[in-house]
Amino acid sequence: MRTTVGIIGAGPAGLLLARLLHNAGIDSVVLESRDRAYVERRQRAGILEQGTVDVLREAGAAERMDHEGLRHDGIELRFDRRRHRVDFPALTGGRSVMVYAQTEVCKDLIALQLKSGGPLLFETEALAVEGADTDRPRVRFRQRGEGGEGGAEGVLECDYVVGCDGFWGVARSAVPDGRTFERTYPFSWLGILADVAPSHDELVYARHDRGFALLSMRSPSVSRLYLQVPADTDADSWSDEQIWDELERRFETDDDWTLRRGPITQKSVTPMRSYVHEPMRHGRLFLAGDAAHIVPPTGAKGLNLAVGDVVTFARALAHRTATGSDDLLDAYSATCLRRVWQAERFSYDMTTLLHTAPDATPFEDRLQLARLDRIASSRAAETDLAEAYTGFPIG
Ligand code: RFL
Ligand code: PHB
């Protein structure tokens, strides 16, 4: 098999990249280790930045999002039983975000890819990237056989390989002499999906002495909620009733706001990590999305960073095709990392602003409240949050 761009991974990064390349007349092959149903069901991100929405529209992948997505003009911060709304358009010159689940973005991109006849091979696991520092990098892969056993091995020969294979993929290990920057947090998120209308029309980020809580949504009838829990928590150790009781406590206010309860349809625990691998390129192998960097979900940045990376790569390759110049490809890693570190900084700030660390001193607790109070009382501080939340420019 031979193609111009071999893409490993059919998460949002790999799928969007295939679409952008298709639109630029550049052929690609996507290899994905899981099956289609798994990729389409994996519950993850929910918030698209303004820039991500614009990219999906320009790519011709926004028809359903524009019908079903929910435009949000703000978020609520809740602390000390108080409520403070951050008004995005007023603070950022009109920017907002879109609530449209990652599962739906992936479904839309998969449908487009298959409709345009673009090769997208499910149940095909990349085993290794070879020859990244040559003109002909290769991806060795194995296609699952009948019944999930055995399977045939093959080689995909490429001009370029883009590793969009997430944090646990194989591409990153083919970038030698890299440097990693990492931080893990002593807590996780217990996330639930519930068949109940969201209790608020915007997201609520709550800081409470018992821990952080987040109210989000998937649609007008499906709520997505998260609770800060200790790092090694087993999701099944929480009964549904315990989850609702704890959410209720952490969202408590002095007014008559109430939390609606409903049947919980999914429960899972997500660890929290900050991670960056530098550089994001070795020869003709490029890393994009979670393969190169992870942020804790508090800032809602992961998917949006992945989008920025693949837009940067697609532009750089189109530039090379049009002009013969490698300039933008050579700048890829530095261009992406600048935006990545802004998102790392913001995600870290949001995480430490809102979570209670098990070893926090009373002094640090007070500082946290002072930081929240500052955002609630200073337009400059609030604008900083609103600009970062609605997104940093790509490129
Ligand atoms: P993905 O989505 O992990 O996709 C990687 C794909 O590669 C496949 N793969 C392989 N395929 C072939 N061969 C191999 N050897 C392979 N190894 C792996 C995998 O099966 C998979 O299909 O990475 P990508 O595309 O870079 O996308 C990144 C985003 O998924 C991630 O950053 C976000 O989900 C993070 N995130 C959020 N991001 C946001 O922008 N906004 C949010 O509101 C938000 N909330 C979240 C989140 C992540 C969460 N979890 C579960 C980590 C909330 C949560 C709870
Ligand atoms: C979500 O809806 O899954 C979500 C929203 C905002 C976040 C993280 C996750 O910061």
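In this predicted model, strand β14 gives the most to the shell around ligand 2, with 3 residues. Strands β13 (203-207), β14 (213-219) and β15 (222-230) each supply at least two residues of that shell, and the shell as a whole counts 14 residues. Because domain 1 (5-70 + 97-181 + 273-349) and domain 2 (186-271 + 357-390) both give residues to the shell around ligand 2, this ligand lies between them. The points below take up ligand 2, then ligand 1, and then the pairing of strands.

**Ligand 2 and its surroundings**

- Among the 14 residues that surround ligand 2, the closest are Y205, S216, R218, Y226 and P297.
- When the residues of the shell around ligand 2 are divided by character, 8 are nonpolar, 3 are polar and 3 are charged.
- Y226, one of the closest residues, has a polar side-chain atom that lies 2.6 Å from an oxygen atom of ligand 2.
- The backbone takes part as well, since a backbone N or O atom of T298 lies 3.2 Å from an oxygen atom of ligand 2, and a polar backbone atom of R44 is 3.4 Å from an oxygen atom of ligand 2.
- On its own, ligand 2 has 280 Å² of accessible area, and the protein covers 97% of that area.

**Ligand 1 and its surroundings**

- Ligand 1 has 34 residues around it, and of these E32, R42, Q102, D290 and L303 come nearest.
- The shell around ligand 1 divides into 14 nonpolar, 12 polar and 8 charged residues.
- Helix α1 (12-23), strand β9 (124-130) and helix α8 (302-323) each supply at least two residues of the shell around ligand 1, and α8 gives the most, with 4 residues.
- E32, which is one of the residues that come nearest, places a polar side-chain atom 2.6 Å from an oxygen atom of ligand 1.
- From the backbone, an N or O atom of G46 lies 3.1 Å from an oxygen atom of ligand 1, while a backbone N or O atom of P12 lies 3.3 Å from an oxygen atom of ligand 1.
- Taken alone, ligand 1 exposes 1000 Å², and the protein buries 88% of that.

**Strand β12 and its partners**

- Strands of a sheet pair through backbone hydrogen bonds, and the pairing may be either parallel or antiparallel.
- Strand β12 (residues 179-194) pairs with strand β16 (residues 264-278) in the antiparallel sense, over 13 bridges, and within this pairing the bridge partner of E182 in β16 is Y275.
- Strand β12 also pairs with β15 in the antiparallel sense, over 8 bridges, where the bridge partner of L193 in β15 is R224.
- Strand β15 therefore appears in two parts of this briefing, as a partner of β12 and as a strand that supplies residues to the shell around ligand 2.

**The sheet of three strands**

- An open sheet is formed by 3 strands in the order β3-β7-β4, with antiparallel pairing.
- β3 (47-49) and β4 (70-72) stand at the edges of this sheet, each with a single partner strand, so one side of each is left without a neighbour in the sheet.
- From one strand to the next, the twist averages 30°.
- Within this sheet, β3 and strand β7 (residues 97-99) pair in the antiparallel sense over 3 bridges, and the bridge partner of E49 in β7 is V97.

Definitions and conventions. Residues numbered from 1 in each chain as written. Chains lettered and ligands numbered in written order. Predicted model: local features only at pLDDT ≥ 70, side-chain atom pairs only at ≥ 80, totals over all residues. Heavy atoms only, no water. Near = heavy atom within 4 Å. Polar contact = N/O pair within 3.5 Å; in protein donor to acceptor, adjacent residues only side chain to side chain. Areas by Shrake-Rupley, 256 points an atom, 1.4 Å probe, with all protein chains shown as cover. Nonpolar A, V, L, I, M, F, W, Y, C, P; charged D, E, K, R; others polar. Domains from an automatic or database assignment. Pairing = 2+ DSSP bridges. Axes fitted to C-alpha atoms, helices over the stretch in contact; angles between N-to-C directions.
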